[in-house]
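Colleague: I am new to this protein. Please take one part and walk me through it closely.

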Amino acid sequence: MSKVIKAEYSGLRSIAYTFGFILFPGDPWFVSCVGCLASTRGLFYRVVPADQTFSSADYAGLFRFRIWWCGEWKEVVVDDQLPTVSNKLMFVHGANTFWPCLLEKAYAKLHGSYEALKYGTSLDCLADLTGGITESVSVGYESVHCAKIINKLLKMTTVVTAITQRQMQQRNAAEKLPNGILAGINYRVVELQKVQAKDFVDIILVWLRKPLYIDSEYKGQCEEYLHEIKDINIRLGNDQFCMPLDEFVTTFTTLEIVHLDGDTSRAETSLKSREPWHVKLWHGHWQKGVNAGGCRNHSDTFHVNPQMQLIVGEAQDMVICLSQHIVLEPRVIGFSVYQMSKPTSDVLGKSFFKINKSILNSPYSNSRQVSVRCHLEQGYFVLLPTTFEPCQEANYTLRVLSTKPIRMKLLDCVPSSMKPAIIQAPTTNDKISSYEAVFLGLADEHKTISAFELLELLETCLPNDYVKSCATLEVCRQIILALDVSFN
């Protein structure tokens with residue numbers, strides 16, 4: 001039978017940064033992300049404020065944490081009571097510290113329950129605990145290509161981790177490889193270093209940082225290369241170990257990457273010497289009948305989606321991330337990028353997207369975020385964030401990271417001023433009343449219609465083709481916006 005206990009510990013003065021702790025069973029992906037957070041001290045204190053103690057005079061049994069949630073840093077307050085079974089903590093807990101289990105409680109609070117965490121992923125959790133954009137890259141078996149990718153990422157304010165996918169299905173079971181590496185755990189990649197072996201052959205070593213809570217040592221054979229490394233004692237003292245690149249690509253299956261913009265990464269000392277990502281951010285909302293047009297499969301409505309114009313001054317790498325603010329029953333989301341010949345201030349019409357082919361399409365997924373790393377040449381582009389199906393509503397955040405400054409703005413038309421809407425049509429006009437049946441046939445049970453249905457109604461009711469040509473879908477959108485009293 002479960003109950004709660006207070007998070008008290010006689011030898012613990014603060015929930016702040018503690019080295020050398022060991023975490024016990026919990027969701028493996030959360031345990032792994034907590035270890036990554038603990039290995040980046042500057043990012044850690046953004047999430048776990050240091051001015052909180054158990055022993056202060058004003059202790060009230062409450063703790064606060066900061067988590068990146070729905071496109072902004074959100075402060076979450078929890079009490080000091082934790083669930084137990086047989087007087088033992090049920091979820092993540094440490095041998096000599098309580099901040100991991102209190103952080104898990106704050107994270108579960110945002111998700112609605114501890115039970116909801118079992119559906120989480122390490123990529124989402126890394127994004128929530130760092131405020132960055134996450135990306136997954138398959139390692140493959142080509143060591144030269146893998147080294148090229150890692151070297152490129154380590155030049156930017158990017159945290160690179162390597163993980164081996166778990167084969168076991170047990171939720172809390174540990175899975176250890178023959179060389180001592182734990183599957184399902186993120187190991188941070190620190191550096192690639194070229195050394196010369198005894199036979200004068202150049203070897204590339206991958207330096208990794210062991211997660212601070214892991215009680216498992218790497219058992220590989222690297223001693224023959226260590227005599228070439230001058231700062232070996234400093235590296236080993238910082239919980240680092242090295243692995244030959246050829247063994248690295250056969251041990252790890254995936255690189256899980258966190259891209260951080262300049263402001264977010266400023267507090268992390270290990271990233272200060274790197275080039276910062278520049279960020280552009282937009283908070284938006286898909287609204288039925290206004291700008292929820294669905295993916296490219298729906299060619300008649302695709303163009304009504306939000307259109308973001310990107311002006312790229314020089315060729316560069318970018319990371320585009322679309323995240324939705326729905327945790328339970330998320331939408332299937334994605335985005336497309338088209339190139340334009342010149343900048344514009346007007347919304348692009350249906351014909352543009354039927355004639356032109358997209359240069360970049362993200363995968364569509366019901367995950368909380370979809371991100372793509374790409375290279376764009378100098379020029380003008382339009383980016384459309386969409387749901388897969390039309391008429392699906394959700395809030396979203398669009399972030400674009402770039403190596404050089406770019407310009408981004410929303411293409412939209414301002415609704416023209418209109419006279420007050422007529423509340424009730426004259427009942428004496430037989431011509432107007434005859435259209436009521438058409439309206440009722442299109443309207444829902446609340447007697448409301450969307451912009452698409454309004455367009456169909458006007459095409460039916462307007463007297464001639466010239467007048468009908470004035471009733472475009474954009475005009476119908478303006479009418480809907482002008483009459484929307486809910487201010488959504």
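Modeller: What follows is a close look at helix H1, then a few places elsewhere in the chain. This is a predicted model: local features need pLDDT of at least 70, side-chain atom pairs count only at pLDDT 80 or more, and totals for chains, interfaces and linings use all residues. Residues are numbered from 1 along each chain as its sequence is written, and side-chain values use heavy atoms, with hydrogens and water left out.

Start with the setting. The protein has 15 helices and 20 strands. Helices (H or I, at least four residues) and strands (E, at least two) are DSSP runs, numbered from the N terminus. The protein has 488 residues, and 50% of them count as buried. Buried means under 20% relative accessible area, exposed over 50%, and partly exposed in between, with a 1.4 Å probe and protein chains only. Take the contacts in the protein with a separation of 6 or more: residues 24 or more positions apart account for 75% of them. Contact means heavy atoms within 4.5 Å.

Now to H1, which spans residues 28-38. How many residues of H1 are buried? Eleven of the eleven are, so H1 is largely enclosed by the rest of the structure. The buried residues of H1 include Pro-28, Ser-32, Gly-35 and Ala-38. What covers them? The cover of the buried residues of H1 includes helix H2 (41-47), H3, helix H4 (122-130) and strand E7 (158-163).

Two of these neighbours deserve a closer view. Two packed helices are described by the angle between their axes and the distance between the axes. Axes are lines fitted to C-alpha atoms, for helices over the stretch in contact, and angles run from 0 to 180 degrees between N-to-C directions.

Take H3 (residues 99-111) and its pairing with H1. Their axes come within 11 Å and cross at roughly 120 degrees. H1 and H3 are therefore oblique to each other. Angles under 35 degrees count as roughly parallel, over 145 as roughly antiparallel, 65 to 115 as roughly perpendicular and the rest as oblique. The crossing of H1 and H3 is right-handed. A crossing is left-handed if the near helix is turned anticlockwise from the far one by less than a right angle, and right-handed if clockwise. On the H1 side, Trp-29, Phe-30, Val-34, Leu-37 and Ala-38 make the contact; on the H3 side, Trp-99, Pro-100, Leu-103, Glu-104 and Tyr-107 do. By class, the contact of H1 with H3 has nine nonpolar, no polar and one charged residues. Ala, Val, Leu, Ile, Met, Phe, Trp, Tyr, Cys and Pro count as nonpolar, Asp, Glu, Lys and Arg as charged, and the others, Gly among them, as polar.

Next comes H4. The axes of H1 and H4 come within 9 Å and cross at roughly 35 degrees. H1 passes H4 in a right-handed crossing. Here Trp-29, Phe-30, Cys-33, Cys-36 and Leu-37 of H1 meet Ser-122, Cys-125, Leu-126 and Leu-129 of H4. The contact of H1 with H4 divides into eight nonpolar, one polar and no charged residues.

Cysteines appear in that contact, but the structure holds zero disulfides. A disulfide is a pair of cysteine sulfur atoms within 2.5 Å. Further along the chain, Cys-374 counts as buried at 12% relative accessibility. Cys-391 is partly exposed, at 33%.

A few loops round out the view. Gln-52 sits in the loop between H2 and E2. At 5% relative accessibility, Gln-52 counts as buried. Gln-52 and Phe-63 are eleven residues apart along the chain, with 7.0 Å between their C-alpha atoms.

Most residues other than glycine have a negative phi. Cys-70 has a positive phi of about 55 degrees, although it is not a glycine. Cys-70 lies in the loop between strand E2 (62-69) and strand E3 (72-79). Asn-87 also has a positive phi, near 65 degrees. Asn-87 lies in the loop between strand E4 (81-85) and strand E5 (88-89). Asn-87 is exposed, with a relative accessible area of 53%.

Last, look at Leu-328, in the loop between strand E14 (316-324) and strand E15 (333-340). Leu-328 is exposed, at 64% relative accessible area. Leu-328 and His-111 are 217 residues apart in sequence, yet 8.4 Å apart in space, C-alpha to C-alpha.
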